Amino acid sequence: MHILKILFKNAFRHKLRTGLTIISITIALLAFGLLRTVIDAWYAGVEASSAYRLVTRNAVSIIFPLPLSYKDRIRQVDGVSAVSWGNWFGGIYIDEKNFFANFAVDARTYFDLYREYAIPDDQRTAFMRDRKGFVAGRKLAQRFGWKIGDTVVLKGTIFPGNWEFVMRGIYRGRDPNADETVFVFHWDYLNETLKKAASTRVDQVGFYMVGIRDPARATSITDAVDSLFKNSYAETITETEKAFTLGFVAMSDAIITAIELVSFVVIIIILAVVANTVAMSVRERTNEYAVFKTLGFGGWRVAGLILGESIVITMLGCAFGVAATYPAAQIFGKAMGAYFPVFHVSPGTLLLDVAFSFVVGILAALVPIYRTLRMRIAEGLRMVE
Amino acid sequence: MEPGMVVSISKLCKSYHRGGQVIPVLSDISFDIAEGEFLALMGPSGSGKSTLLNLIAGIDQPDSGSIVIGGVDVTQLTETELAHWRALNVGFIFQFYNLIPVLTAFENVELPLILTSLSRAERREHVTMALKVVGLEDRMDHYPGQLSGGQEQRVAIARAIVTDPAILVADEPTGDLDRVSAEEIMGLMDRLNTESKKTIIMVTHDPRAAKKAHVVRHLDKGVLTNAHSQDTL
């Protein structure tokens with residue numbers, strides 16, 4: 001008979017109580033896993049950002065544009081390999097609830113700079129040939145059932161009017177962190193339409209995407225770019241793509257902190273549930289632990305039995321919780337795809353699940369172990385369930 | 001300790017503390033137990049019989065005095081040393097059997113052997129032998145809940161003897177049994193004493209059980225009143 005067998009037999013002595021405890025741990029770890037995945041999803045853009053790209057925007061605010069003419073001057077900065085530009089379009093597809101990110105981009109340079117977006121050559125060529133063409137991420141196309149050749153109309157909010165586009169390509173992410181929900185179309189189409197309307201916003205871009213050869217030189221290049229436009233009417237701020245994305249995430253810092261806190265509260269709840277179960281079980285079995293001690297089991301062996309039982313219960317709950325997190329995350333990711341384009345359960349989250357379960361297993365057993373170690377055998381033998 | 005004596009108790013005192021009050025339980029107890037002796041401790045409730053048994057068995061500590069068993073003063077051992085000593089030298093038989101309900105008869109008897117370095121096959125051999133001694137080899141896969149009281153107590157005896165200890169301590173071994181089962185258990189203990197030469201120290205209220213003992217010692221309010229040898233000696 002192995003000690004492990006005793007642990008399992010003890011753990012399932014009260015099947016209902018142990019079962020309910022395991023279910024509680026499973027649900028709590030599922031909640032913990034989803035909350036951590038939400039936080040990861042929030043930072044997915046940051047994780048996906050490339051060290052080989054910088055973003056240049058108006059120094060006053062991202063909502064103020066920059067002249068198109070800056071592109072040639074930025075390209076001449078030592079260390080810059082490519083320059084692309086774009087505008088946040090902010091178009092609405094049918095209804096506001098169908099939100100997705102849509103940008104007007106320089107089609108000639110955009111996909112060379114964003115190599116994590118893989119688009120078949122024929123589709124890219126078709127996109128280049130059609131001024132009204134657009135390319136969408138795989139998940140976005142799936143979400144609305146768009147096919148190549150479909151016409152899609154976006155209602156402009158920043159740029160008023162109904163804008164008609166034809167789908168010419170679908171890109172896929174080369175890595176799991178790549179956002180597959182973006183809609184991009186020709187910046188030239190936007191600019192020429194504005195020209196026709198005699199708008200003052202002609203030849204203005206929202207931001208520049210700057211490719212660099214050596215990430216180690218990012219700081220000197222950002223300084224060099226910004227110094228080009230110092231004291232001009234549109235000064236710039238250039239930063240790494242990671243810093244730029246983090247700036248957006250930082251706006252939701254309070255929410256992320258709240259989610260993070262809730263995820264840890266969940267762990268504390270598990271601790272309370274398991275501690276209660278273990279304490280009840282050990283108290284009911286005081287007499288048996290006294291018998292174990294009488295038979296020659298030292299205090300630490302008895303402590304091992306209690307600790308082992310606690311860990312068996314928590315790790316079983318952990319296993320079920322981890323197993324349930326994957327399908328739940330898939331369902332959650334589909335339902336919230338508009339807000340969380342990248343929603344994957346990370347190995348780090350699973351490691352946290354396991355680590356916290358293990359720690360909870362240990363902590364929950366501490367008080368019962370302490371009591372059992374202090375218990376005098378003669379007193380323990382007198383206790384009858 | 002006199003020659004041939006396995007247990008020597010000298011000036012043993014024990015008291016309990018309850019709510020600031022000191023309640024004396026045993027006062028200046030001294031006696032020896034010979035190797036192979038079957039001793040019955042009798043006396044009214046609260047006379048200190050079980051406390052004395054617990055002290056001899058090393059599961060409680062006296063306030064003063066010494067208990068030398070096989071040359072070792074058990075009152076001087078640490079908790080860990082005592083646990084090791086108990087595992088090797090003492091077999092326990094309780095009034096309410098104290099079997100682990102989720103383990104089979106076999107597994108219950110095997111428990112003390114987990115602490116030894118015996119292989120699985122050797123453990124199986126020892127357990128089977130112990131269960132054979134108590135006549136329950138055909139019930140080894142039964143759980144305590146599937147056995148009668150007498151059978152449970154026999155499993156408890158098998159557990160007590162499986163490590164082949166020199167001393168068996170029994171606290172009211174027939175206290176929870178009907179007359180027939182009690183006689184079977186006492187017969188078994190008598191056999192362990194006469195055939196296996198086990199030293200047995202038994203606390204009992206039951207005069208019929210006490211009759212199997214060689215020596216009966218009486219305790220009253222923590223003091224040994226008298227001792228007498230019986231015809232069976």
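1. Let's start on one face of a helix. A:L4 and A:K5 are exposed on the other side of α1(A), the side turned away from the buried residues A:I6, A:L7, A:N10 and A:A11 of this helix, which spans residues 3-11 of chain A. Those four sit on the same side of α1(A) because they cover an arc of only 130° around the axis, the arc being that of the directions from the helix axis to the C-beta atoms. Here "buried" means 20 or more other C-beta atoms within 10 Å of a residue's own, "exposed" means 12 or fewer, and "partly exposed" lies in between, with C-beta atoms placed from the backbone. The buried residues of α1(A) pack against α2 (15-42) and α13 (299-335) of chain A.

2. A word on what you are looking at. This is a predicted model, where local features need pLDDT of at least 70 and side-chain atom pairs count only at pLDDT 80 or more, while totals for chains, interfaces and linings use all residues. Residues are numbered from 1 along each chain as its sequence is written, and chains are lettered from A and ligands numbered from 1 in the order in which they are written.

3. Now chain A as a whole. It has 15 helices and twelve strands; these are DSSP runs numbered from the N terminus, helices being H or I with at least four residues and strands E with at least two. The radius of gyration of chain A is 29 Å, whereas a compact globule of 385 residues would be near 21 Å (taken over C-alpha atoms, with the globule rule 2.2 Å times the number of residues to the power 0.38). Along the principal axes, its C-alpha atoms fill a box of roughly 95 × 45 × 30 Å. Buried residues make up 38% of the 385 residues in chain A.

4. How is chain A divided into domains? The assignment, automatic or from a database, gives domain 1 (3-44 + 252-382) and domain 2 (60-234). Their centres, taken over C-alpha atoms, are 48 Å apart. Six residues of domain 1 and nine residues of domain 2 form the contact between them, two residues being in contact if their C-beta atoms, placed from the backbone, lie within 7 Å.

5. One residue to click on is A:D130, in the loop between α6 (121-129) and β6 (133-137) of chain A. It counts as partly exposed because it has 18 C-beta neighbours inside 10 Å. Not counting residues up to four places away in sequence, A:D130 touches A:V166 and A:R168. A:Y189 is 59 residues from A:D130 in sequence, yet their C-alpha atoms are 9.6 Å apart.

6. Next, the cores. A nonpolar core is a set of buried Ala, Val, Leu, Ile, Met, Phe, Trp, Tyr and Cys residues joined through C-beta atoms within 7 Å. The largest has 116 residues, and B:I201 is one of those with the most contacts inside it. Ten residues, the largest share of this core, come from α2(A). Leaving aside neighbours within four places in sequence, the contacts of B:I201 include B:L39, B:L41 and B:V169. A second, separate core of 47 residues includes A:L140 and A:I221.

7. Finally, where the chains meet: the contact takes 21 residues from chain B and 18 residues from chain A. On the chain B side, α2 (79-89) and α3 (105-110) of chain B are the elements that give two or more residues. The largest share of that side, six residues, comes from α2(B).
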